[in-house]
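Morning, everyone. Today I want to talk about aromatic rings and the charges that sit over them. Have a look at this.

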Amino acid sequence: MSVVLYFVIPCYNDSDTLPVSAPVFKAKLGSLIRREKASPDSRLVFVDDGSSDGTFSYLRGMCESDKGIIALKLDGNYGEQNAILAGTEYAYNKGAEAVVSIDSDLQENINAVDGMLDKLNEGCDIALGVRSARGGDTKTERFMSSAFYTLNGAFKTGLVKEHSNYRMMNRKAIAELLTHKGETYFLPALASGLNGKKAFVSFERKSRAAGESRYNFKSKLRLAALSICCHTERKPVKAVIDKFNIKEKLNFKAEYRIEEACGE
């Protein structure tokens, strides 16, 4: 079944990464269209989250040479989650029937998109990508990730273990997601807790195609705090968070503004 599929790919200072990864995304979408799994109206949407290098210049050049590519430039650095949400909202407003979010560095196996499409065609509203192996991670990265998901589990945030930003949603799920715009949130936990029928698609995490990780222990700890403060189901913890207004102090809301769009 052919669907109008939009890829949403957040970018930040990825001028070294995109020349390697963008052709892979283009080839994958082309393959899906040829096999009639995706409509010819499907698009790649790259979202530049306030990069300070030549990321948007590169994206603009791609738009000029390929009508299947759209580039959005946010007017500041809002964070990866907001970049994904901005691209998702844009795709929804353009009539996308399904949206898949995926990082620009190709660590997530892009071929898992086929399995996600199959799940949506079977009646699921959300297909969550779940890492089955972390072959491309260092020991330190694996330790940080293990601690992150352990904390989320202990505080009952609802975050699916080994799920991050790789997911596909239909219009029903996206409409619910967008009702949270303006709130403080942690997107993977929020997506894990949406209503509707869910499926899990496993994939092996690979080494980065290029570039370096922007996450360290401090940033992982902040994301864990964000997830716990926004999504914990433990009532005593929620009471403390509310009493001291901790969620607002984290200063991370679903807010963004698109400064420029090309390739529309």
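Definition up front: rings of Phe, Tyr and Trp (its six-membered ring) pair if their centres lie within 6.5 Å, with planes under 30 degrees apart called stacked, over 60 edge-to-face, and the rest tilted. This is a predicted model, where local features need pLDDT of at least 70, side-chain atom pairs count only at pLDDT 80 or more, and totals for chains, interfaces and linings use all residues. Numbering runs from 1 along each chain as its sequence is written, and side-chain values use heavy atoms, leaving out hydrogens and water.

So, how many aromatic pairs does a search of the whole structure find? It finds 4. Take Phe-148 and Phe-186: edge-to-face, 5.8 Å centre to centre, 70° between the planes. Phe-148 lies in helix H5 and Phe-186 in the loop between helix H6 and helix H7, so the pair ties together parts 38 residues apart in sequence. Helices here are DSSP runs of H or I, at least four residues; strands are runs of E, at least two; both are numbered from the N terminus.

Buried or exposed? Phe-148, at 6% relative accessibility, counts as buried. Phe-186, at 4%, does too. Buried means under 20% relative accessible area, exposed over 50%, partly exposed in between (1.4 Å probe, protein chains only). Ring pairs also link Phe-148, Tyr-149 and Phe-186 into a cluster.

Now charges. The cut-off: NZ of Lys or CZ of Arg within 6 Å of the ring centre and within 35 degrees of the ring normal. Lys-220 has its charged end over the ring of Phe-148, 5.1 Å from the centre. Arg-171 lies over the face of Tyr-92, at 4.0 Å from the ring centre.
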